[in-house]
Amino acid sequence: MSSKEKKTPSSTSPCAQLRAAYHDCFNRWYSEKFMKGQWDKDECANHWQKYRDCLSQHLEDKHLRRFLEAESGQIDGAATGRNIRE
Amino acid sequence: MVKAYTQEHVYKHPWERVTSASWRKYVDPENKRILTHIVEVDTLDRKLDLSSGKLYTTRALTIHAPGPWFIRRIVGQDICHCVESTIIDPKSRSMELTTRNISLQKFVEVEEKIRYDPHPKNPNAWTVCKQQTSIRIKPLSALASMAEKVEQRCAERFLQNSAKGRDVMERICKYLEAEASGISL
């Protein structure tokens, strides 16, 4: 079913600010801790949770349901069964 | 019929810096002017395995992929949704990203795998990026009769976007390098 989807500018996304806050936290943690051997603590868990909650609320707006359905087959690392070699 | 190709690039920067740059590629505002095909990026899930240190991330990418009018008439839209899964193993210093389209699946299957590993000849200072892309037009789809043409155009577009992506990565790496040595650009 093809739908006309508008190009939503990222700056007007309802979760844009929470996303930016999460990214700032993540980038800092990634270079200053994670890359230096400190992976025993997930420091951005709070920022992530707030951002994630916002995404869940706006599920319909962003057609996220289809992403989440696809994503549930991805995290365990198993191939989704697509045969790309014929 | 599948069209597949591989690209390799060496960044003269350490793996830690290159992978940091990869995270910033779609997100930093300055890059959006160059990587115009990326409309939106959201993180859907992330898991940090505290014992192994591995970080698993899933992101949703919305990509603007305009084709010529004859493709647009069939496909009906310019927007493609993709899911990117990433695994980073900081202990072994490896990063692997897999991106697949989840919309337009009745027409096309695209899969891109990217790996970042320390360069075997200079593991502390250089990083190898290996990128493998495959495009498959679904045999019974309305695009099947011009599959070869469509695959060719897709490949050209991907190569263009990869080149832009690499330029952006190099720029970010230089910025991070300067930042690390206390020079402000």
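Trainee: About how much area does chain A expose?
Mentor: This is a predicted model, where local features need pLDDT of at least 70, side-chain atom pairs need 80 or more, and totals for chains, interfaces and linings use all residues; side-chain values use heavy atoms, without hydrogens or water. Residues count from 1 along each chain as written, with chains lettered from A and ligands numbered from 1 in written order. Areas use the Shrake-Rupley method with a 1.4 Å probe. Carbon and sulfur atoms supply 48% of the exposed area of chain A, which is about 5600 Å².

Trainee: What share of chain A is buried?
Mentor: Buried means under 20% relative accessible area, with a 1.4 Å probe and protein chains only. Chain A has 86 residues, and the buried share is 35%.

Trainee: In what order do the elements of chain A run?
Mentor: Helices are DSSP runs of H or I, at least four residues; strands are E runs, at least two. Chain A has three helices and zero strands. From the N terminus, the order is α-α-α.

Trainee: What is the volume of the largest cavity?
Mentor: A cavity is a set of 1 Å grid points where a 1.4 Å probe fits but cannot get out. The whole structure holds one cavity of 30 Å³ or more. Volume is the space filled by probe spheres on the points. Here that is about 80 Å³.

Trainee: Which element gives the largest share of the cavity lining?
Mentor: Lining residues have an atom within 4 Å of a point. Among them are A:Tyr22, A:Phe26, B:Trp23 and B:Arg59. Two elements give two or more residues each: α1 (16-32) of chain A and β3 (55-64) of chain B. The largest share, four residues, comes from α1(A).

Definitions and conventions:
1 Å grid on protein atoms, 1.4 Å probe; cavity = no way out; pocket = protein on both sides within 12 Å on 5 of 7 lines; lining within 4 Å. Buried < 20%, exposed > 50% of the residue type's maximum accessible area, 1.4 Å probe, protein only.
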